[in-house]
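Visitor: I am new to this structure. Please take one part, look at it closely, and then lead me outward from there.

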Amino acid sequence: MDEADRRLLRRCRVQLVGELQVASLWDALLNRELFTPDMIEDIKRAGSGSRRDQARQLIIDLETRGSQALPLFISCLEDTGQDTLASLLKTNRQAAKQDVEAIRPLDLKPVVLGPEGLKPEKLRVVKQDPSKLSQGKLAPVVLGPEELWPAKLRPEVLRPEVPRPVDIGSGGFTDVCTQDRAKGNVDLAYVLNADPCGYCLIINNVNFCHESGLRTRTGSSIDCERMQRRFHLLQFAVEVKCDLTAKQMVQALMELARRDHDALDCCVVVILSHGCQASHLQFPGAVYGTDGCPVSVERIVNTFNGTGCPSLGGKPKLFFIQACGGEQKDHGFEVASTSPEDKTPSSDPETDATPFQEGPRSIDQPDAVSSLPTSSDILVSYSTFPGFVSWRDPKSGSWYIETLDSVFEQWAHCEDLQTLLLRVANAVSVKGTYKQIPGCFNFLRKKLFFKT
């Protein structure tokens, strides 16, 4: 879908969500092949499953369905008798196109720049050493359509236009042409051409045994649904496992590592649970099973190393950890406000923190910088800085997962993973009274562009 149609859908989203009758649309969407049956089922399960939640997800997913998605959607609205909404979209789309046409230059006339008094018929191209040019002897330049140039003039050679930079939303810019070149270069970017790209395992621990002393992680199911839908749209085969003990978590990870990944290009693991600090040699932190026993992030990652999973050798292995890194609450430091709506959260957020538990290896130093892993093709994205809590809203899910999903939705079609995670870190860092900053351990050898 082109950017003009995307902007139109977003402008009309409030009215569409409020009035769209989704129940009558399913058959029309399938008949016009806008969505597959599996995609329709995912939309039906969105949020609470209400009409508004389904309508909202339908509009979001529509942006990913190709250049003809909007006109086909308008036809579906007309087929189902929703003429008011169809007319709204059609009228605004036509008006936007007319606005573009209106600003196109027409009937351009040539403009001659040069010493005053020179007439076009007497002008000629002068090739001079720039260092010898003097005032009053400037070579004229003609601007305008070629067919309107004076007969004796020939075009000067101008340097190629420099590609425009685009804002990456993290205080810098990225070059569109550079990103496109990286995508097509196997030396600069991983190849993700398999269908599906790979497996995505989501472990969502919500309910913990009473003896563990860990509270129910209300709102985590929202995170799980977001990640399930997002990686499905990114062409992964998604599997969800809920409320696993520590032993069951390890078994699920080992079972995934033992599969044959030869025909696949990538592997993703998402962990949603309570967490804590833990002794480590490589990756910091641990996540809890529902029995209150921790599984170190280091063990999770190393399950997929060259020995444990040889068929993923040389292929990117991505880990997204939504769990606390410790108990500290970051109060932040005072800066000029850039986002008034983020000064206070919409409701009281909870943390995924539990006390640090030192294991038997007392000689290991938590967060040791000198012992970073040498394994390649691995990226571990943490929801928070080691030692600090990670915030989760019971009504809308965790700050990290909500932002990750939103950033992937808007930018995964054109930006690499590292740039996407910079956007996530920037967006999460301005939320709430207490502060949180996601980060990652990046040992990828190339840029990674998701298949969208």
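Guide: By class, 9 charged, 3 polar and 3 nonpolar residues make up the lining of the second largest pocket. The model is a predicted one. Start with this pocket.

Its volume is about 360 Å³. There are 15 lining residues, and those closest to the centre of the pocket are Gln57, Ile60, Arg226, Arg229 and Asp405. Three elements give two or more residues to the lining: helix 5 (51-62), helix 9 (220-233) and helix 12 (399-411). Helix 9 gives the largest share, with 5 residues. How can such a space be found at all? A probe the size of a water molecule is rolled over the atoms, and this shows where empty space is left.

Now follow two of those helices into the largest nonpolar core. This core has 32 residues. Phe231, Leu318, Phe320, Phe408 and Phe450 have the most contacts inside it. Helix 9 and helix 12 each supply at least two residues of the core, and so do strand 5 (198-204), strand 7 (266-272), strand 11 and helix 13 (417-429). The largest share comes from helix 12, with 6 residues. Helix 9 and helix 12 thus appear in the pocket lining and again in this core.

Take Phe450 from the core. Its neighbours within four places in sequence are left aside here. Phe450 is then in contact with Phe231, Leu318 and Phe408, among others. Further contacts of Phe450 include Leu192, Leu234, Phe236, Ala412, Leu417 and Leu420. A second core, separate from this one, has 30 residues, including Met1, Leu16, Leu34 and Leu58.

Next comes Phe449. It lies in the segment after strand 16 (439-442). Phe449 counts as buried because its relative accessibility is 7%, and buried means under 20%. Phe449 and Lys183 are 266 residues apart in sequence, yet their C-alpha atoms are 6.8 Å apart in space.

Strand 11 also deserves a stop. It spans 317-322, and the loop between helix 11 (297-302) and this strand holds Ser311. Ser311 has a relative accessible area of 14%, so it is buried. The side chain of Ser311 reaches the backbone oxygen of Arg259 at 3.4 Å. Beyond its neighbours within four places in sequence, Ser311 is in contact with Arg259, Asp260, His261 and Asp262.

Last, look at the backbone. Most residues other than glycine have a negative phi, and most peptide bonds are trans. Some places here depart from that. The peptide bond from Asp195 to Pro196 is cis, with omega near 0°. Pro196 sits in the loop between helix 8 (176-183) and strand 5.

Two residues other than glycine have a positive phi. Glu33 has a phi near 60°. It is found in the loop between helix 3 (26-31) and helix 4 (37-44). With 68% relative accessibility, Glu33 counts as exposed. Asp377 has a phi near 65°. It lies in the loop between strand 12 (350-351) and strand 13 (378-382). Asp377 is buried, at a relative accessible area of 3%. Glu33 is exposed, then, whereas Asp377 is buried.

Key
Residues are numbered from 1 along each chain as its sequence is written. This is a predicted model: local features need pLDDT of at least 70, side-chain atom pairs count only at pLDDT 80 or more; totals for chains, interfaces and linings use all residues. Side-chain values use heavy atoms; hydrogens and water are left out. Helices (H or I, at least four residues) and strands (E, at least two) are DSSP runs, numbered from the N terminus. Buried means under 20% relative accessible area, exposed over 50%, partly exposed in between (1.4 Å probe, protein chains only). A polar contact is a pair of N or O atoms within 3.5 Å; within protein, one must be able to donate a hydrogen and the other to accept it, and residues adjacent in sequence count only if both atoms are side-chain atoms. Contact means heavy atoms within 4.5 Å. On a 1 Å grid over the protein atoms alone, a cavity is a set of points where a 1.4 Å probe fits but cannot get out, and a pocket is an open set with protein on both sides within 12 Å along at least five of seven lines; lining residues have an atom within 4 Å of a point. Grid points are joined across faces, edges and corners, and a volume is the space filled by probe spheres set on the points. Ala, Val, Leu, Ile, Met, Phe, Trp, Tyr, Cys and Pro count as nonpolar, Asp, Glu, Lys and Arg as charged, and the others, Gly among them, as polar. A nonpolar core is a set of buried Ala, Val, Leu, Ile, Met, Phe, Trp, Tyr and Cys residues joined through side-chain atoms within 4.5 Å.
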